[in-house]
Amino acid sequence: MSCDLTDPAILEAYQDIISGTPTNWLILGYHDTRDKISLYSKGTGGIDELTSNLKEEVLYGFVRIEDRFALLAYVSEQVSGLRRARALVHGKAVGALFKASNVQINTSSLAELTEERVRTRLGLIEGPPTPEATSPVMPSTPVAAAGSPVAAPRPATPVSPAPVAPASSSPAFSPATVAPVAAAPIAIDTVVQSVAEVPLSPSPVRTGSPRSGLSTPRTERQLEIEAAERKVREEMERQRRAEAAKRQRETEEREAREQELFAQKQALELERKRKEEADRIAREAMKKQLIEMERLRGSGLSGYLTIQVAGSPFWKRRFYVMQGQTVSLYRDEIGRAPIMNLKVGGQVAHIADASLDVLIPNSFRIDFRNGDSHYFFSDSTKDKEMAIAGFMKCNESA
């Protein structure tokens, strides 16, 4: 419910106005925020220039006219009820900051902010009483005729009919004595009739006056402000509960997502380990098959691979022949001399799938102990697994 009035430009402009500099007005507003009030504008052209800078929103103004100061709270009729209620509360905080103000004017009409009316409210010119200053007219005491003694005011006490004495015990009165007595009931009847003609209204709620010790009626404005404050508190409490429920819901959804991602990660990790183990078993079987084939035929594994050697950006398709600890690479299968010989025996540090590294199917990477890494890919998954098994066999032949 509180507002933010920490903008240093506000106090600077306020000091300029009350210290008598040419600056004589300022306007404060929210700048599309909820409760942060900042300086909109200031100037030297008085109330007319101030009103020309007002916009259709909630604004607060402060103006100097001669040696008097007026605080303005302008709430456009286009402003919603909730913002209007909040403006009532924040206006009290602005008034507490601008302590030099002699009068506060709350309005939603620019017609109320003419220089003549503001001067009248400041007491600089005489004018008709403003609605805020108007009080109910009570019946006045009858005025005594000229030359007659003015009776002292009597305390207001209930008028009760006087007891009627028996006729036999009434003393004789002269006309001079009867006349004054008969005049008193006429005056009382007039007062009672005037009071009866005043419209009755509910008794105002009274609050204690700290200065006089007597109770003073709470004005309709005060009741409106209290109702607005209560409405703002209820709205803020509703928003606080909604935010708490939203945060709780977001926390539960985030925890559910995290648990789901953790379960998926565990499942992927188990699947990866299962695949690695299946590949290892299959390669061991292929390696044994290659060893047996080389022992029976006297020749090693051969086929086509595409290779990217360490330090080169190019891929080359080569025919390979694996014999013992060496992999010889030929231009094609009828080549007489190898283009390159890879000494594999005991030199391979790691063999890994490279599909995610080079984005090529059936690819793999061989890391050698000297720091070189060569990339390969084959024409099919079966050829890839056979080639990996061959490299493993050559590496263990050392």
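This short talk goes through the confidence, the sheet and two helices of a predicted model.

Before the details, some conventions: because the model is predicted, local features need pLDDT of at least 70 and side-chain atom pairs count only at pLDDT 80 or more, while totals for chains, interfaces and linings use all residues. Residues are numbered from 1 along each chain as its sequence is written, and side-chain values use heavy atoms, with hydrogens and water left out.

Let me start with confidence, where pLDDT is the predictor's own value for each residue, from 0 to 100. The mean pLDDT of the protein chain is 79, and 74% of its residues reach 70 or more. Among the elements, which are DSSP runs numbered from the N terminus (helices being H or I with at least four residues, strands being E with at least two), strand 14 (residues 373-377) has the highest mean pLDDT, 96, and helix 5 (residues 175-197) the lowest, 41. Over residues 129-215 pLDDT stays under 50, and for that stretch the model has 28 contacts beyond four places in sequence, a contact meaning heavy atoms within 4.5 Å.

Turning to the sheet, we have an open one of 5 strands in the order 2-1-3-4-5, with mixed pairing, where two strands pair if DSSP finds at least two bridges between them. Strand 2 (38-43) and strand 5 (103-107) are the edge strands, each pairing on one side only, and the twist averages 20° from one strand to the next. Strand 3 (residues 58-65) and strand 4 (residues 68-75) run antiparallel and are joined by 8 bridges, with Gly-61 standing opposite Leu-72 in strand 4. Helix 4 (residues 115-122) packs on this sheet, touching strand 3, strand 4 and strand 5, and its direction makes about 140° with that of strand 5; axes here are lines fitted to C-alpha atoms, for helices over the stretch in contact, and angles run from 0 to 180 degrees between N-to-C directions.

What about Thr-51, in helix 2 (residues 46-52)? Thr-51 counts as buried because its relative accessibility is 16%, the limits being under 20% for buried, over 50% for exposed and partly exposed in between, with a 1.4 Å probe and protein chains only. Its side chain reaches the backbone oxygen of Asp-48 at 2.9 Å, and, leaving aside neighbours within four places in sequence, Thr-51 is in contact with Leu-110 and Leu-113.

Finally, helix 8 (residues 381-396) has 16 residues and reaches 23 Å from its first C-alpha to its last, close to the 22 Å expected at 1.5 Å a residue, a figure taken as 1.5 Å times one less than the number of residues. Helix 8 is mostly covered, with 12 of its 16 residues buried, including Met-386, Ile-388 and Phe-391.

Terms used:
Polar contact = N/O pair within 3.5 Å; in protein donor to acceptor, adjacent residues only side chain to side chain.
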